[in-house]
Amino acid sequence: MGALGMGLGRSREARWERALVTGASTGIGRAMAVHLAAAGVELVLVARSGDRLDELAEELRANGSGLDIEVLEADLFEPAGLAVVEKRVATDDAPIDLLVNNAGLGYEGPLHAQDGAEVSETIGVNVVALTQLTHAALASMTARGRGQVLLVSSMASLQGMPMTAVYAATKAYITSLGEALYEEHKGTGVTVTTVLPGLTRTEFHERGRWNLDNWPSAGWQSAEAVASEALQAAARRRPEVVTGRLNRLLAVLSSKAPRRIRRFIIGWTARRPWR
């Protein structure tokens, strides 16, 4: 059985044999896979980019640990791709005891000016696919009496975000879903942990054409730091974690400020690049 390494927290309650990580080819998902493999957890890697997944799998196997690493090339926006991953999550053969629901995307710009296909894709991956995979995992895990789901949300879930309105709304859905599911599964042996990263150095913003010139440089985290904090929180069976000290401070301050003040500040900052 793959036990948690020291890098995944002091708790010894959570012991994962096999994790499935979506969006594993880059960014936070890739960092999650690397951390888990270092702790001796076998992996199922999921992403749209088969070449990158194969490279990562070979890199992880090259350490000589003898881990079983599966690769599933799948587009979670496509029903056929989602069905393949959903089936793997639910199977009792080599069962998944940690689902890392990390795959996500978002595009910047006023909603009326965005491409309709990109809006649908954002909702399809961030909400529909995440919900269906979570449903499949929880049904299987609850029947076995053990397992964990890790949902990757965002600090953007704490406030409506002009110019990334759909993305922020999908993340608000994830945060709300995770909080409810944590309570639903108390006493079942199954835990749901939601992670809220802030600005993270990945390819995410480039793909979504985000203009971050007017956002402060302080507070940015590496994907590795986010993955480490998230997995530690899951190992300790925490319901939620905001990663990064500055982000945690901002989350507290945000909760104290009147909503109209938060809306004004975020709106003013987000609209500047579009004037």
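A salt bridge here is a side-chain nitrogen of Lys or Arg within 4 Å of a carboxyl oxygen of Asp or Glu. With that in hand, let us walk through this predicted model, starting with its charged pairs.

**Salt bridges**

The structure holds 7 salt bridges, and three of them are set out below.

| Pair | Closest N and O atoms |
|---|---|
| Arg-61 and Glu-58 | 2.8 Å |
| Arg-88 and Glu-70 | 2.8 Å |
| Glu-183 and Lys-186 | 3.2 Å |

Take Arg-61 and Glu-58 to begin with: their closest N and O atoms are 2.8 Å apart, and the pair counts as a salt bridge because the cut-off is 4 Å. Both residues sit in helix 2, and because they are 3 residues apart there, about one helical turn separates them. Arg-61 has a relative accessibility of 35%, so it counts as partly exposed.

The salt bridge between Arg-88 and Glu-70 has its closest N and O atoms 2.8 Å apart. This pair links distant parts of the chain, with Arg-88 in helix 3 (residues 79–90) and Glu-70 in strand 3, 18 residues apart. Is Arg-88 buried or exposed? With a relative accessible area of 12%, Arg-88 is buried, while its partner Glu-70, at 23%, counts as partly exposed. In the third pair, Glu-183 bonds with Lys-186 through a salt bridge at 3.2 Å, and Glu-183 counts as partly exposed at 46% relative accessibility.

**A negative patch on the surface**

Strand 3 and helix 2 come up again when we turn to surface charge. Which residues form a negative surface patch? They are Asp-51, Asp-54, Glu-55 and Glu-73. Helix 2 (residues 50–61) supplies the largest share of this patch, 3 residues. Glu-73, by contrast, lies in strand 3 (residues 69–73). Its relative accessibility is 58%, so Glu-73 counts as exposed.

**Leu-151 and its surroundings**

For a view of the interior, look at Leu-151, which is found in strand 5 (residues 147–152). Leu-151 counts as buried because its relative accessibility is 0%, and the threshold for that label is under 20%. Which residues is Leu-151 in contact with, leaving aside neighbours within four places in sequence? The list comprises Asn-101, Leu-130, Thr-134, Ile-174, Gly-178, Val-192, Thr-193, Thr-194 and Val-195. Asn-101 is 50 residues from Leu-151 in sequence, yet their C-alpha atoms are 5.0 Å apart in space.

**Positive phi angles**

Most residues other than glycine have a negative phi. Two loop residues are worth a look on that account. Met-163 has a phi near 80°, and its place is in the loop between strand 5 and helix 5 (165–184). At 14% relative accessibility, Met-163 counts as buried. Arg-237, also not a glycine, has a positive phi of about 60°. Arg-237 belongs to the loop between helix 7 (223–235) and strand 9 (240–242), and it is partly exposed, with a relative accessible area of 25%.

**The chain as a whole**

Stepping back, the protein chain contains 9 helices and 9 strands. Of its 275 residues, 50% are buried. Among contacts with a separation of 6 or more, 69% are between residues 24 or more positions apart. The accessible surface comes to about 12700 Å², with 54% of it belonging to carbon and sulfur atoms.

Key. Residues are numbered from 1 along each chain as its sequence is written. This is a predicted model: local features need pLDDT of at least 70, side-chain atom pairs count only at pLDDT 80 or more; totals for chains, interfaces and linings use all residues. Side-chain values use heavy atoms; hydrogens and water are left out. Helices (H or I, at least four residues) and strands (E, at least two) are DSSP runs, numbered from the N terminus. Buried means under 20% relative accessible area, exposed over 50%, partly exposed in between (1.4 Å probe, protein chains only). Contact means heavy atoms within 4.5 Å. Patches are made of residues with over 30% relative accessible area and no salt bridge: like charges are joined within 9 Å, nonpolar side chains (Val, Leu, Ile, Met, Phe, Trp, Tyr) within 5 Å. Accessible areas come from the Shrake-Rupley method with a 1.4 Å probe; for residues, only the protein chains shown count as cover. Lys and Arg count as positive and Asp and Glu as negative; His and the chain ends are not counted. The place of a charge is taken as NZ of Lys, CZ of Arg, CG of Asp or CD of Glu.
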